[in-house]
Amino acid sequence: MLKKLIVLSVAAMLMIGAASAAVLNGAGATFPYPIYMKWNKIFSQKTGIKVNYQGIGSGGGIRQFTVGITDYGGSDAPMTDKQIAKACKNGGESVYHIPTVMGAVAIAYNLPGIDLRLDLETMVDIFMGKIKKWDDPAIAELNPNEDLPNKNITVVHRSDGSGTTSIFTTYMARSMKWAAEVGKGKAVAWPAGLGGKGNAGVAGLISTNPGAIGYAELSYAIKNDLPVIALKNKAGKFIKPTIDSTSAAAAGALKSKKLKKMVNAGDFRLNLTNAPGDRSYPIVGMTWLLVHKVQKNPAKGKLLVKYLNWILTDGQKYASELLYAPLPKPVREKVLDVVGNIET
Amino acid sequence: MKRNIQGDGWFRNFTFFFAASIPLFLLALVIILIDQSRLSFSEFGWGFLFSSAWDPLKDVYGALPFIYGTIVSSLIALLIAVPLGLGCAIYLSEVSQSRFKEYLAVMVELLAAIPSVVYGLWGIFVLGPWLGRLFLGAFSGPSMLTGGVILAIMILPTITAISREVFQSVPNSLRESACALGATKWEGFKLAVFGPAKSGIIGSIILGLGRALGETMAVTMVIGNTPRISPSLFAPAYTIASVIANEFAEAVSDVNLSALIELALVLLVMTIIVNGFARFIVWKTSIRYGR
C-alpha cells in the first residue's frame with residue numbers, strides 16, 4: 001500500500017514537473033540575481049511562462065551562452081568582439097547586449113565617527129598602496145573638518161572575479177595611472193591589500209579591521225550599515241551612493257555625444273562611470289542580458305522577446321525596492337527598439 | 001552445489017565491477033584535467049610552476065605563490081595539529097579513566113561535523129582579529145598564520161579520532177606484559193603501544209594533511225587571497241584550492257580557465273606525492289615491526 005502510494009506520488013510529481021517545465025533557461029551574473037529572481041516569479045505568475053536563471057557568474061554565463069546550453073546569458077562585463085564572434089559560430093548572426101538595471105558600487109570604510117570624502121586621485125593612490133596612513137596630507141586636504149587618525153590603511157578587494165570589481169576598476173581606470181598599471185576587469189592583479197571572498201567576505205574584513213577601506217555593491221553596504229565615502233564627481237561635488245545619485249549619473253552620462261551615438265546605434269555597452277552632473281555618483285554600471293539577434297528556435301525566441309519587453313517596461317518598477325536603479329527612459333526606448341529587431 | 005558456484009561467479013564479477021570503477025574514475029579525472037590544461041601548458045610550459053605572475057587582464061599565469069601558500073599553510077596546520085591531536089588521542093585511549101573522556105571524544109567528532117564555511121566566518125570575525133591582537137597588531141587578521149591555524153583546527157578531529165582507534169586496536173596483552181615487566185604508564189605506552197601503532201599514526205597524519213591541502217572555503221576566507229610569496233607568516237597568502245574557488249566561475253578567457261585547471265592538476269599531483277610518501281613510510285615502519 002505504502003509502496004503504491006509512493007509510486008503514485010512520484011508519478012504525479014513528474015507530471016506536474018513536465019506540465020510546468022521551464023521554458024526559458026538563462027545563467028550568468030550574480031550581481032543582478034535578486035532582481036532576476038523577482039522578475040521571473042512575477043512574470044510566470046502573469047503569463048505562465050517559466051524562466052529559469054542560475055547565478056553562476058558572468059564568466060560561466062558567457063561560456064554557457066556561447067556553447068548554446070542556455071537561451072540567454074547574463075553578464076556584468078560586456079562581451080568582447082572576439083567572444084561575440086565565437087558565440088555566433090553556429091548561427092545567431094550577432095549578440096545583443098540588453099541592459100536591464102543599473103547599480104552603484106559603494107566605498108565602505110572602518111573609521112568610527114569620521115565622515116570621509118575622497119576623489120579619484122586619492123582613491124588610486126590608496127588602492128595602489130602609495131598612501132599608507134589615514135592622516136596623509138592628500139586625505140587631510142579633502143577632509144579639513146575631520147580629525148584623521150595616524151592609522152594604517154588596509155585595502156580590501158574582492159578575491160573572486162566579480163561584476164562589482166569590473167564596475168569599480170572601470171571607474172579607477174579613468175585615472176591614467178591606474179589604467180596603465182592595473183587596468184579594468186572582473187579580476188585584476190591588485191597592487192595592494194587583502195582579498196575577501198564575495199560581498200560578505202569584503203564586508204567582514206572591513207568591519208573587523210579598523211582602518212580598512214573596500215568596495216561593495218550598494219545594496220550590500222546599505223543592508224550592513226557600513227559607512228560609505230562621499231566621492232568627488234566630475235562637477236566637483238561630493239556625492240554618496242543612492243538610487244537617486246545612480247539615476248542622476250546615468251542621465252548625466254547620456255549627455256555625452258559618444259554615448260548618445262552608441263545608444264542610437266543600438267550598442268549598450270556603456271561606460272557610466274565618472275558621469276557629469278551635480279548629483280551624479282561616479283561609480284555606476286549596468287548589467288546585461290545576452291541574446292542572439294537571430295533566434296534558432298522561433299517558439300522560444302518569441303517567448304524571450306515577450307520576456308525582455310516585459311522586464312524593460314512593467315518589470316522596471318520592481319528595481320528600486322531591491323536597490324537597483326531602473327534604466328533611464330531614453331535608453332529604455334532604444335533598447336525596446338533593439339529587442340524588436342530580434343528575429344524569431 | 002553447481003548453483004552455488006555459479007553464484008560465486010556473479011558475486012565475483014559484480015564486486016570486481018565496483019572495484020574497477022574507482023581506478024576508472026581517477027583515470028577519467030586525470031585525463032580531463034590534462035586535456036583541459038593543454039592550452040595553458042602550451043602557453044607557459046614548465047615555467048608555469050616557477051612563475052609568480054598572475055594577471056587575468058594580461059592573461060599571464062604562474063603557479064608558484066599558490067604552491068608555496070598551499071604547502072606552507074598545510075605545514076603550519078600539521079605543526080599545530082599533530083602534537084595536539086596525538087596528545088588528545090593518547091589521553092583518551094591510554095590515560096583517562098573518567099567518564100569525561102566519552103564526552104570529549106564526542107566533542108572531537110563534532111569538530112569534524114562543522115561545515116567549513118562556518119569555520120571561515122569564525123576565522124574572519126573571531127580568530128583573525130584575536131591572533132592579530134595576540135601578536136600586538138603585527139598584522140590585521142587575514143594571513144598565512146590565520147589560514148594555518150584554521151586548518152589545524154579542521155584536521156585535528158581526523159588525527160585525533162583515527163590515532164585513538166589505532167591505539168585502541170593495540171592488544172591489551174602488550175600493555176599487560178609491559179606492566180608485568182615493571183614499566184610505568186609512560187614507559188608502557190612508549191614500548192608497547194606507540195611502536196605497533198606507528199604506521200597507523202602516520203596514516204592519520206597523512207589523512208589530515210590531505211584535508212589541509214585540499215580545504216577551500218575556510219582558508220579562502222581567512223588567508224587574505226594575495227598571490228605573493230612573503231617570508232613572513234603574518235603576510236596574506238593564497239592557496240591553490242582558494243584561487244580555483246575564487247576565479248573559476250568568472251574566468252572568461254580560455255587561457256585563464258586552462259591555467260586554473262592546470263593548477264588543479266598540480267594539486268592532484270601534490271596529493272599523490274604526499275600519499276605515495278606516506279605509503280613508503282608506512283611500508284618501512286611495518287617492515288621494522290615485522291608486520
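What follows walks through a predicted model of chains A and B, from overall confidence down to single residues.

As a predicted complex, the model comes with an ipTM of 0.79 and a pTM of 0.83. For chain B, the pLDDT averages 89, and 96% of the residues reach at least 70. The usual caution holds for the rest: where pLDDT is low, the predicted coordinates should not be read in detail.

Chain B is mostly a helical affair, with 11 helices set against 2 strands. Going along the sequence, two helices come before the two strands, and helices make up the remainder of the pattern, α-α-β-β-α-α-α-α-α-α-α-α-α. Its C-alpha trace spans about 70 × 70 × 35 Å along the principal axes. Of the 291 residues in chain B, 37% are buried. As for how the chain folds back on itself, take the contacts in chain B with a separation of 6 or more: 74% of them join residues 24 or more positions apart.

Now to where the two chains meet. Chain A puts 25 residues into the contact, and chain B puts in 23. On the side of chain A that touches chain B, α3 (58–67), β7 (194–196) and α9 (198–208) of chain A each supply at least two residues. That side of chain A breaks down into 15 polar, 7 nonpolar and 3 charged residues.

The largest nonpolar core counts 156 residues, and those with the most contacts inside it are Met102(A), Ala106(A), Leu272(A), Ile283(A), Val284(A) and Ile155(B). Helix α6 of chain B, residues 144–169, gives the most to this core, chipping in 14 residues. One of the well-connected core residues, Ile283(A), can be followed further. Setting aside residues up to four places away in sequence, Ile283(A) touches Ala104(A), Val105(A), Ile167(A), Phe168(A), Tyr171(A), Leu231(A) and Thr273(A).

Cys88(A) offers another kind of setting. Cys88(A) sits in the loop between α4 (81–87) and β4 (95–109) of chain A. It counts as partly exposed because 16 other C-beta atoms lie within 10 Å, whereas a buried residue would need 20 or more. Once neighbours within four places in sequence are left aside, the contacts of Cys88(A) are Glu93(A), Ser94(A) and Val95(A). There is also a long-range pairing in sequence terms: Cys88(A) and Lys293(A) are 205 residues apart along the chain, yet their C-alpha atoms are 9.6 Å apart in space.

Conventions
Residues numbered from 1 in each chain as written. Chains lettered and ligands numbered in written order. Predicted model: local features only at pLDDT ≥ 70, side-chain atom pairs only at ≥ 80, totals over all residues. Contact = placed C-beta atoms within 7 Å. Helix = DSSP H or I, 4+ residues; strand = E, 2+ residues; numbered from the N terminus. Nonpolar A, V, L, I, M, F, W, Y, C, P; charged D, E, K, R; others polar. pLDDT = per-residue confidence, 0-100. Buried ≥ 20, exposed ≤ 12 C-beta atoms within 10 Å, placed from the backbone. Core = buried A, V, L, I, M, F, W, Y, C linked by C-beta atoms within 7 Å.
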